[in-house]
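Reader: Hi! I'm in my first year and still learning to read protein models. Could you take a close look at one part with me?

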Amino acid sequence: MTRIIILLLFLAASVYGATRTYDIVVYTATASGVQAAIASATEGKTVAIIEPGLNIGGMVSGGLGLTDRGNSIVIGGNALEFFKRIGRYYGEFGPLFDFEPHAAEDVFTEWLASLKIPVFFEERIETVSKSGTRISSVSTNLGNTFVAKVFIDASYEGDLLAFAGVSYAVGREGRTQYNESYAGVIKEPSSLSRHQFTVGVNPFGPDGKPLPMVYAGDPGKEGEADKKIQSYNYRMCLTQDPNNRVPIPKPANYDPAYWELFRRYFAVATPQNLTFNELVFVWHLQNGKTDINNNGPISTDYINGAWEYPEANWTRRQEIIREHIEYTQAYFYFLRTDPAVPESLRAEVATWGLAKDEFVKTNNWPHQLYVREARRMIGAYVFIQKDRTEEIEKQDTVGLGSYNFDSHHTQRIPVGSITFDEGDLQAFYAMNPFQLPYSMLVPKPTECTNLIVPVCVSSSHVGYCSIRLEPQYMILGQSAGVAASFAIDEGKNVQDIDIPLLQRRLRKLGQYLTPGDIPS
């Protein structure tokens, strides 16, 4: 009942064709966007969130129940408070990092409601008006106009920054651009790559052409730049509880021929590589549910399927989302029905279904596609490989990270007579804290002076691979909200605020900016 009342509170704020004015407007209700709005309100600013979908929390409430976090001691401020609230939600003392999707949305929703922060659902930005280097207003598909002093783009796609004319990159830089040893195409097998074919699988059909799951175009050369994107997937909340289980649908366009490569893999792989726990990663959550993730050479990642997404228009993005849904549905349908799959495994997969009490607004399917990477702003400072490995101290630090470089596969290609999944990067497992600079959150001052970007931060592909975690997005979201408030109070551009004063305030709010801030 509480969830219904709070949702109605938010929906009641929606009036079509209106002009609304706030101190700060946040684009999208990702976990980062929620924290940016909470921080803004806590600083005494009026704030609203524009959300293209129907849900709050992005991936945190969208199926990513197992929180990727590296060394959890670096998580402070309101990010840590979120995980503490999750703990209290389950009646536990202290932070809890694994949770059911609805629990995350409940916590975020109640938090926003307590601060009376409005969320405008099913609204997406279609135009941006600027005066010089400042965004004056944004207008949405519903005809609403939002005016603000500072805007925060917390979207996974970087749509607001693109509409505002801010420079950005898509794809992978070559190794020479920023002198990054992990950059570019990674065609040569190495210890950096996981989830790989361990046996030779012929990628070609009888006609000599690559099979449907294999890219037939130019894969690029080792170390070269490209415009390709690491693969996306859905983090599936499944259950074996017959009282809370609904079948995973068979897609209407299911084509058995598409899965020929998978059949060939089943024919040559060792039995230990063909268990359910090897084909997908299963993490058990509360109440008999799971967070299912990609694992192995052919899994829930839709390799080759995400490349267009970052710069696609709304219609094309919806098509790409549908393609990912259908791929995932077909993946599980193949596993439970195809004769190439051992009978015992088919029977096991058939015991899994969607959780009936999750994602009730989207027919029990996760509401958020896992957009691991899209646009990356090219702003005042570009965070690259050395900023994670060597030059880890920053004068303008506004938070800490600790994760390794983590990129999923980008393309599935033929290499000679075998199949190779290219692009996976798993490197630098030191898990030591590194500092997140404020200057990677702001555009070049010649392009925009009242926009802060805590998700599609200014970085190379390799640099981004160590930042792209939800705890870090939340940390940066809070810092963005406080920084936006400082820009208003000081009457300055976001690039020119008093950084030592900002850092003093963030520390007072519990944010960890250096390893010395972490309680012993």
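Reader: Which residues of α4 are buried?

Author: Happy to. A quick word on the ground rules comes first. This is a predicted model, where local features need pLDDT of at least 70, side-chain atom pairs count only at pLDDT 80 or more, and totals for chains, interfaces and linings use all residues. Residues are numbered from 1 along each chain as its sequence is written, and side-chain values use heavy atoms, with hydrogens and water left out.

Now your helix. The buried residues of α4 are Pro101, His102, Ala103, Ala104, Glu105, Asp106, Val107, Phe108, Thr109, Trp111, Leu112 and Ala113. Here buried means under 20% relative accessible area, exposed means over 50%, and partly exposed is in between (1.4 Å probe, protein chains only). Because twelve of the 14 residues of α4 are buried, the helix is largely enclosed by the rest of the structure. The name α4 comes from counting: helices (H or I, at least four residues) and strands (E, at least two) are DSSP runs, numbered from the N terminus.

You can also check the length of α4, which covers residues 101–114. The expected span of a helix is 1.5 Å times one less than its number of residues. For α4 that gives 20 Å, and its end C-alpha atoms are 20 Å apart, so the two agree. After the helix comes Lys116, with a positive phi near 55°.

Next, salt bridges, meaning a side-chain nitrogen of Lys or Arg within 4 Å of a carboxyl oxygen of Asp or Glu. The whole structure has 31 of them. One network of salt bridges links Glu100, Lys289, Asp357 and Glu358. Within it, Asp357 and Lys289 have their closest N and O atoms 3.0 Å apart. Asp357 sits in the loop between β12 (353–355) and β13 (376–377), and Lys289 in the loop between β10 (280–284) and β11 (290–294), so the pair ties together parts that are 68 residues apart in sequence. Asp357 is partly exposed at 36% relative accessible area, whereas Lys289 is buried at 1%.

Another salt bridge joins Arg317 and Asp159, at 2.7 Å from N to O. This pair links distant parts of the chain: Arg317 belongs to helix α8 (residues 314–337) and Asp159 to helix α5 (residues 159–163), 158 residues apart. Arg317 is buried, at 4% relative accessible area, and Asp159 counts as buried too, at 13%.

Want to see some strands as well? β4 (residues 125–131) and β5 pair in the antiparallel sense over six bridges; two strands pair if DSSP finds at least two bridges between them. Lys130 has Ile135 in β5 as its bridge partner. The two strands form a hairpin with two residues between them, and Gly132 in the turn has a positive phi of about 65°. In the loop between β5 (134–140) and β6 (145–153) you'll find Asn144, which is buried with a relative accessible area of 0%.

Finally, how sure is the predictor? pLDDT is its confidence in each residue, from 0 to 100. The chain has a mean of 95, and 96% of its residues reach 70 or more. Among the elements, helix α1 (residues 2–11) has the lowest mean, 48, and strand β20 (residues 451–452) the highest, 99.

Definitions and conventions: pLDDT = per-residue confidence, 0-100.
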